[in-house]
Amino acid sequence: MASFLSRKNERADGYGGSPEARVRLPLEVFRAVRERVGPDYCVGCRMLGDEVIEGGSRVEDASFYATRFAEAGMDFLSISKGGKFDDAKQPHVGEAAYPYTGPSGHECMPTVRIGGGTPFGRNLPLSRAIRQSVRLAGFGTPIVGAGGIGTFELAEHALANGDCDYVGAARQSLADPDWWRKLELGRGDEVRRCIFTNYCEGLDQKHRQVTCQLWDRDLAAPDPHSDAIAMSHDGKRRLVPAPWDEVRYRVRFFAWRAKSCA
Ligand SMILES: Cc1cc2nc3c(=O)[nH]c(=O)nc-3n(C[C@H](O)[C@H](O)[C@H](O)COP(=O)(O)O)c2cc1C
Ligand code: SF4
């Protein structure tokens, strides 16, 4: 679908060459999905706010598409960036190209080494601009902002600032699936913080089971649903994060606080 939305899509069969024609197939797919699942089922889409490739779509194109999606009745729009095959590294013979290996891919999943700023909240200007266009057109469709969001402060600021209506987090949620709950409980000090070095992405690139390098710090911690510790196929990595025992941590915290106050 992203290729159809690209400004590089010059198809002459009615599905390319102009913004209206480029958005046609994604709209047809959405209408077909909606027809199948009915009005009560949440259907939205992930789309690129900027393709970050030469001659590719920019935020103005994305704002137009987003407005058309909102008008069609999508329930949310999640804004990503880059990650294109166009500038991906040439794969080895017999291997598939991986879209996060070129400059546009680096923008999609920015690491701490990314140039031109930091990885933190890097895509929010895109979701903000798209949200403004959708609102100006009279639609209240929720916009999801994502990309380098891994702290309560950044997430809260993005929402308060009008950058987005929802915050999405991929790597931070992989590093610590309980982090949202920890934030809700005001226990941010217990969050296992993503270090944005893309060890997980490297595994995905090689089509290996995706795990987080931080999980291995708790290699021997018991798994929640089995007696054995679940390991990756190569037996070297934890396949699931170490469990977070909400109550146990709370008891430990109160014991620590009682001791410090004594
Ligand atoms: C291992 C891995 C695989 C991903 N695969 C996809 C994908 O298939 N489609 C997609 O839109 N984004 C994919 N992403 C990108 C994330 O959805 C997200 O946009 C990106 O990682 C930036 O957000 P973050 O900083 O919260 O991780 C992937 C991310 C990771 C870490
Ligand atoms: S491996 Fe873990 S810590 Fe590293 S980027 Fe991925 S989620 Fe974050």
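This short presentation describes one protein model and the two ligands placed with it.

Good morning. I should say at the outset that the model is predicted. I will begin with the overall fold, continue with the sheet and one helix, and then turn to the ligands and a single loop residue.

The protein has 262 residues, of which 32% are buried. Its secondary structure consists of 11 helices and four strands. Along the principal axes, the C-alpha trace spans about 70 × 50 × 40 Å. If we take the contacts between residues at least 6 apart in sequence, 54% of them join residues at least 24 apart.

Let us look at the sheet. In what order do its four strands run? The order is S1-S2-S3-S4, in an open sheet with parallel pairing. S1 and strand S4, residues 166–168, stand at the edges with a single partner strand each, so one side of each has no neighbour in the sheet. From one strand to the next, the twist averages 30°. In the interior of that order, S2 and strand S3, residues 143–146, are paired in the parallel sense over three bridges. As an example of a bridge, Ser78 has Val144 in S3 as its partner. Helix H4 packs on this sheet, where it touches S1 and S2, and its direction makes about 160° with that of S1.

That brings us to H4 itself. This helix covers residues 59–72, and its 14 residues reach 20 Å from the first C-alpha to the last, close to the 20 Å expected at 1.5 Å a residue. Is H4 mostly covered or mostly open? It is mostly covered, with 10 of its 14 residues buried. Among the buried residues are Val59, Tyr65, Arg68 and Phe69. The partners against which the buried residues of H4 pack include helix H3 (24–37), strand S1 (45–48), strand S2 (77–80) and helix H6 (124–136). Just after H4, Gly73 adopts a positive phi of about 105°.

I now turn to the ligands. Around ligand 1 there are 16 residues, and those that come nearest are Met109, Ala169, Ala170, Arg171 and Asp204. Helices H8 and H10 each supply at least two residues of this shell. The largest share, three residues, comes from H10. By character, the shell around ligand 1 divides into eight nonpolar, four polar and four charged residues.

Ligand 2 is surrounded by 13 residues, the closest being Arg171, Cys194, Tyr199, Cys200 and Cys212. Here the elements giving two or more residues are helix H8 (171–175) and helix H10 (199–205). Which of the elements gives the most to the shell around ligand 2? H8 does, with three residues. The shell around ligand 2 comprises nine nonpolar residues, three polar and one charged. Arg171 is thus listed among the nearest residues for ligand 1 and among the closest for ligand 2.

Finally, one residue from a loop. Leu239 lies between H10 and helix H11, which covers residues 246–261. Leu239 is partly exposed, because 14 other C-beta atoms lie within 10 Å. Leaving aside residues up to four places away in sequence, Leu239 touches Gln209, Thr211, Ala230, Met231 and Ser232. Leu239 and Tyr41 are 198 residues apart in sequence, and their C-alpha atoms are 32 Å apart in space.

That concludes the presentation. Thank you for your attention.

Conventions: Residues numbered from 1 in each chain as written. Chains lettered and ligands numbered in written order. Predicted model: local features only at pLDDT ≥ 70, side-chain atom pairs only at ≥ 80, totals over all residues. Near = placed C-beta within 6 Å. Nonpolar A, V, L, I, M, F, W, Y, C, P; charged D, E, K, R; others polar. Buried ≥ 20, exposed ≤ 12 C-beta atoms within 10 Å, placed from the backbone. Contact = placed C-beta atoms within 7 Å. Expected span 1.5 Å × (residues − 1). Pairing = 2+ DSSP bridges. Axes fitted to C-alpha atoms, helices over the stretch in contact; angles between N-to-C directions.
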